[in-house]
Amino acid sequence: MLRAERGVSRRDLAAALDVHYQTVGYLERGEYSPSLHLALRIADYFEVPVEVVFSLNPFPRLGATETTNDGSRS
């Protein structure tokens, strides 16, 4: 999401991080867990804390609606 919001292509981000562009795709799809070093470099690139980019709890998918305790959707 960060990459798309900031208008950065996969190839541009990959070049800045010195990784293959497919690695960025694997990361975005959750098919690859980065090393701590790479995670910190990604956070540094976007100038955000690493927790903004990576979390132990999965982020909801884009467009997903959440159901509240009373059954309504938010």
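Which side chain meets Arg29 in a salt bridge? Glu31 does, at 3.2 Å from N to O. The legends below walk through this predicted model view by view.

**View 1. The whole protein is built from five helices and zero strands.** Reading along the sequence gives the pattern α-α-α-α-α. Of the 74 residues in the protein, 22% are buried. The accessible surface is about 5,900 Å², and carbon and sulfur atoms contribute 51% of that area. If you like contact statistics, take the contacts with a separation of 6 or more: 27% of them join residues 24 or more positions apart. A search of the whole structure turns up three salt bridges, and the next views visit each of them.

**View 2. Arg3 and Glu28 form a salt bridge with their closest N and O atoms 2.5 Å apart.** Arg3 belongs to helix H1 (residues 2–5) and Glu28 to helix H3 (residues 21–28), so this pair ties together parts that are 25 residues apart in sequence. The two partners differ in how much of them is accessible. Arg3 is buried, because its relative accessible area of 17% falls under the 20% cut-off. Glu28, at 37% relative accessibility, is partly exposed.

**View 3. Glu28 also meets Arg10 in a salt bridge, at 2.9 Å from N to O.** Here, too, distant parts of the chain are linked: Arg10 sits in helix H2 (residues 10–17) and Glu28 in helix H3, 18 residues apart. Arg10 is partly exposed, with a relative accessible area of 32%.

**View 4. The side chains of Arg29 and Glu31 meet in a salt bridge.** This is the pair from our opening question, with N and O 3.2 Å apart. Arg29 is partly exposed at 46% relative accessibility. Glu31 counts as exposed because its relative accessible area, 52%, is over the 50% cut-off. Elsewhere, salt bridges that share partners join Arg3, Arg10 and Glu28 into one network.

**View 5. Helix H3 has buried residues at Thr23, Val24, Gly25 and Leu27.** What lies over them? The cover for the buried residues of H3 includes H1, H2 and helix H4 (36–46). It helps to recall that an α-helix has 3.6 residues a turn, so residues three or four places apart point the same way. Follow the chain just past H3 and you come to Gly30, which takes a positive phi of about 75°.

**View 6. Helices H2 and H4 pack at an angle of about 115°.** Their axes are 10 Å apart, and the crossing is right-handed. From H2, Leu13, Ala16 and Leu17 take part in the contact, meeting Leu38, Arg41, Ile42, Tyr45 and Phe46 of H4. Sorted by character, the residues of this contact comprise seven nonpolar, no polar and one charged. H2 and H4 also appear in View 5, among the elements that cover the buried residues of H3.

How values were computed. Residues numbered from 1 in each chain as written. Predicted model: local features only at pLDDT ≥ 70, side-chain atom pairs only at ≥ 80, totals over all residues. Heavy atoms only, no water. Salt bridge = Lys/Arg side-chain N within 4 Å of Asp/Glu carboxyl O. Helix = DSSP H or I, 4+ residues; strand = E, 2+ residues; numbered from the N terminus. Buried < 20%, exposed > 50% of the residue type's maximum accessible area, 1.4 Å probe, protein only. Contact = heavy atoms within 4.5 Å. Areas by Shrake-Rupley, 256 points an atom, 1.4 Å probe, with all protein chains shown as cover. Axes fitted to C-alpha atoms, helices over the stretch in contact; angles between N-to-C directions. Left-handed = near helix turned anticlockwise from the far one by under 90°. Nonpolar A, V, L, I, M, F, W, Y, C, P; charged D, E, K, R; others polar.
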